[in-house]
Amino acid sequence: MAVLKDWFENLWADSVDISAQVEQRLTESWAVTQYTPYAIYVKALYELYGQDLGSDEPLPLEPSGQVELANFQLDAVRRGLDMIWNHGGCYVADVVGLGKTYIGAELLRQLRQSYPNDGPPLVICPAGLIPAWERVNELYGLGAAVLSQDMIALPPALVFDEETEQYEEVDSSARGVQLVDEYPHRGTVLVDEAHNFRNDNGRSRGLRDYLERGDHKIILLSATPQNLGPRDIYRQVRLFLDETDHGLPLEPQGLEDFFASVVRWQEYDREVDAYSVVLALYPKGGEQGTPPVRPSRPDQPRADISQVLTPIFIRRRRRDIVELYGETATINGEPVSFPTPRLSNLEYRLDRVYAKSGNFKDLLDTLGQHQAVRYNPTEYLNPGRHDDQQCAGLFRARGRISGMIRYLLFKRLESSIEAFRSTLESVAHSNRSFKAALQRGYVPVGSVATNLLAGQNFNAEEALSILQREEVRRNGRYVFPAVHFDGKRWSRDLDADHAVLQGLRRRISKIGPANDDKLAHLKEFLKSAEDEKVLIFSEAETTVDYLFEQLNPGGENEAIAKLSGSNRDQCTGVVGRFAPRANLRDPEHLQGGEIRLLVTTDVVSEGQNLQDCARVLNYDLHWNPVRLIQRFGRVDRIGSPYDEIHLHSMLPDADLDEELGLTDKLSDRIQAFHDLIGLDNKVLSEEEQLNAKGVVVIYDDLAIPELDDALDEVSANQRAITLLQNIRNNEPDLWRKITEMPDGIRCALTSESGGGVEEAPEAGETVVMMAASGAVRCYAISDDLAPRPIRTAQFVAVAECDADTPSQPLPDSTNARVNAAAEAFRGDLNRILGTLRRRTPGNARNRSFVRRQLSGVGKDIATPRRLEVLRQAFAGDLPTVVENELTELRRLNLGGRELVMRLELLQERYRLSTVVQTASPMTVEQTRIVCSDGLT
């Protein structure tokens with residue numbers, strides 16, 4: 001005992017009094033310190049986005065002095081460089097008018113400094129933007145090659161036939177530029193208006209093939225990356241993200257599977273919204289009908305598109321710039337300001353336009369009788385041919401093309417009398433040519449056939465010979481024997497359609513400009529704006545020609561011009577004359593007089609700077625607000641000299657009830673849309689999707705709608721990142737507190753909702769954020785202690801507050817709620833993490849290159865066993881020196897015997913394992929309760 005006592009006394013003598021430190025830690029802990037709602041908010045933001053802030057180091061180069069960028073634009077450059085370093089590419093998706101072109105140009109300039117051996121950049125853009133990019137190229141000294149998107153050669157077997165919905169092989173060398181051959185030593189690739197690569201077509205595959213063969217950093221630019229849905233974005237980000245080795249903690253891991261899950265969840269959310277509307281209308285008393293059934297929740301974990309986009313997307317809205325940068329945003333010493341959009345409608349009477357054709361309702365009813373049967377071959381297949389594999393291709397476009405033709409006639413009727421007349425004539429001519437082919441004994445299909453049928457001098461014998469040659473050349477099916485079809489019934493229905501078209505042509509034959517109520521209203525409008533520039537959009541080239549002739553007979557007034565597909569080669573000159581201040585270095589030296597009135601199709605709706613103008617008029621009623629926003633974006637831009645811009649839309653009214661409200665009128669037009677084409681949105685082209693809600697916002701609410709959909713959440717994430725960056729750069733004391741704030745902090749505040757999304761947190765619940773091993777999961781829980789997962793965006797939405805937001809009393813059951821959420825998280829953790837392993841993004845392209853090249857090696861070069869050994873050796877994480885060697889092999893695009901020899905040499909030199917490595921679970925750190933908020 002004496003020895004033990006001496007040992008204890010010696011320890012006590014060496015001890016240090018830590019009472020003060022313990023007291024301080026207790027004071028700072030969640031159990032003692034009273035944290036404010038704002039502290040919870042910034043703590044959550046730091047947990048979610050702290051790793052995405054990027055470096056606060058200066059840019060590799062001082063920003064170009066040629067064009068001064070605002071601070072928010074330079075922030076985008078810094079974030080873009082970080083994204084490219086981590087993922088090989090970035091997507092600048094700021095809304096229209098925030099200067100994406102200059103952000104992209106500065107990124108290219110900075111990358112030339114950071115990666116000087118990569119080679120000069122390649123810029124790929126729409127043809128109409130080539131002059132603008134050539135100017136920027138010279139201004140920044142980029143040494144870039146500038147190429148039209150349309151010039152990318154299609155790889156073999158990749159011409160897509162819209163009618164058969166099949167890819168067909170052609171000689172791609174005759175159709176454009178093979179990027180690999182023409183630009184073998186280029187570095188960074190910038191794609192402007194990248195949404196044009198949202199489809200899996202030949203152009204996209206040609207670009208992807210080029211990018212996969214080289215070691216390119218990639219910059220994508222577009223204000224509208226999503227049109228139809230998440231798959232649009234998937235096809236674009238796949239230009240630089242590997243399908244599986246993308247370095248992102250996703251569940252499921254494969255990008256295609258993840259985006260498929262995103263689509264299913266978004267569809268579910270829409271179904272729940274519709275269910276909620278119907279449920280609200282369900283009678284509460286009296287006679288009861290069948291109550292609506294709540295949609296079934298998807299059985300896979302919720303997938304949010306922001307999980308992919310936040311690390312690689314830069315997406316800011318104007319309100320984000322105004323609120324986060326305020327007066328600090330300047331260009332050339334002047335505060336950055338945006339013009340205020342003012343929307344208005346110019347109503348006209350569509351029934352008066354067609355008054356000479358008789359009763360307008362009868363005219364619409366007659367139009368509805370046209371079934372476009374020439375485009376519906378499956379409806380006339382003989383019964384024994386439905387299972388014929390040779391006819392399988394006909395079913396892929398079943399109903400789609402005929403629906404589009406009926407919709408086209410409906411749209412042209414509203415566009416202008418001349419557009420309607422011209423479309424009736426072309427559809428009627430195609431009808432007669434098709435019947436002639438049917439009587440000759442064959443049924444022509446596909447785009448080649450469509451072009452032949454449209455010819456004015458159609459010859460059935462000659463057309464058959466051409467189509468048969470095309471079948472041999474393209475190895476496709478363009479001709480079907482007429483005996484496969486019920487030719488008599490089809491001919492009878494073709495004649496019925498043609499009779500409808502001919503009757504319509506006779507009814508409108510005497511209608512001229514003097515009867516055009518829509519044209520009259522346009523002329524009255526232009527008189528009120530005779531001293532201003534005006535930009536008029538129509539989707540129909542025939543309407544543009546018609547308006548130009550009526551507003552400028554003979555083209556004598558050089559202040560009035562037109563642009564469409566037929567004269568798109570004059571686009572640069574016309575745009576320079578219409579908006580010289582925004583497009584010319586020396587606006588005083590115009591090539592011709594200045595243009596005051598420009599009538600155009602959408603050839604200038606993307607990328608052009610037209611902010612010399614303050615008035616835009618949509619001559620056609622458009623169903624897709626995305627297209628309208630793109631048009632407005634030509635004048636709604638930084639650098640506009642106007643405080644206000646005016647956005648006008650012509651709105652047809654054919655209802656005799658003058659007291660009918662505008663929303664009802666729009667609803668009638670939308671209903672007529674559906675009644676006439678008889679099909680849903682799926683028949684429409686991607687640019688023509690009906691968005692009734694957005695149409696009502698523009699035409700009725702007179703506001704530009706928020707159409708970001710899921711991208712709104714990405715914008716919110718970017719906003720949070722910018723807030724943290726501002727605190728880090730400008731409030732060092734607050735930043736230190738944020739970074740040192742302990743886990744487990746809690747508070748309560750008054751909050752109304754979780755951002756208006758399905759299953760949002762509600763008042764009376766507690767929201768809890770948990771984290772472990774890079775995985776973050778949030779839960780909402782009430783006194784029932786049954787936690788349910790919520791999206792991180794929902795947590796942030798209810799936690800968002802100002803620095804002076806007061807605290808509320810914590811719920812009595814807070815401890816039990818938080819503990820229940822922690823237990824739920826621990827139970828979910830293994831599934832959340834799965835077998836994901838974070839890989840260095842730089843490895844992904846090398847592994848993809850090895851897999852791809854080895855798959856093309858024949859047995860005459862290496863045995864299957866030998867190839868499998870190499871696949872295994874280079875499938876896992878590799879030493880840096882090996883990665884560098886592989887990068888060089890990829891630059892040289894080695895293949896075949898030489899590649900096999902080089903890989904075997906690397907395997908032996910660095911003793912790479914040939915044992916297949918199965919993905920091991922991530923090491924799970926201790927689960928953390930990050931923070932929680934009680935909602936009152």
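**Overall makeup and core packing of the predicted model**

Counting up the secondary structure of the protein gives 34 helices and 23 strands. The model is a predicted one, and the numbers here are all computed from it. Of the 936 residues in the protein, 53% are buried. Contacts also reach well along the sequence: among those with a separation of 6 or more, 79% link residues that sit 24 or more positions apart. As for the outside, the protein exposes about 42,600 Å², and carbon and sulfur atoms supply 49% of that area.

Next comes the inside. In soluble globular proteins, nonpolar side chains tend to be buried together. Here, the largest nonpolar core takes in 48 residues. The ones with the most contacts inside this core are Tyr41, Leu45, Phe72, Val336, Met769, Phe795 and Cys931. Helix H3, spanning residues 37–49, gives the most to this core, chipping in nine residues. Another core lies apart from it and has 43 residues, including Tyr348, Tyr354, Ala372 and Ile560.

Met769 is a handy place to look at the surroundings of one core residue. With its neighbours within four places in sequence set aside, Met769 is in contact with Ala44, Glu47 and Leu48, among others. Its contacts also include Val776, Arg777, Cys778 and Phe795, and the list is rounded out by Arg928, Ile929, Val930 and Cys931.

A little further along the chain is Ala772, which belongs to strand S20 (residues 766–772). Is Ala772 buried or exposed? Its relative accessible area is 1%, so Ala772 counts as buried, the cut-off for that being under 20%. Ala772 and Gln926 are 154 residues apart along the chain, yet their C-alpha atoms are separated by 6.3 Å.

Strand S14 (residues 534–537) offers another view of the interior. Val534 and Ile536 point one way from this strand, while Leu535 and Phe537 point the other way; all of these residues are buried. S14 has pairing partners too. With strand S16 (residues 597–600), S14 pairs in the parallel sense over four bridges. S14 also runs parallel to strand S17 (residues 615–618), and three bridges join these two. Leu535 shows up in both pairings: its bridge partner in S16 is Leu598, and its bridge partner in S17 is Val616.

Technical notes
Residues are numbered from 1 along each chain as its sequence is written. This is a predicted model: local features need pLDDT of at least 70, side-chain atom pairs count only at pLDDT 80 or more; totals for chains, interfaces and linings use all residues. Side-chain values use heavy atoms; hydrogens and water are left out. Buried means under 20% relative accessible area, exposed over 50%, partly exposed in between (1.4 Å probe, protein chains only). Contact means heavy atoms within 4.5 Å. Accessible areas come from the Shrake-Rupley method with a 1.4 Å probe; for residues, only the protein chains shown count as cover. A nonpolar core is a set of buried Ala, Val, Leu, Ile, Met, Phe, Trp, Tyr and Cys residues joined through side-chain atoms within 4.5 Å. Two strands pair if DSSP finds at least two bridges between them.
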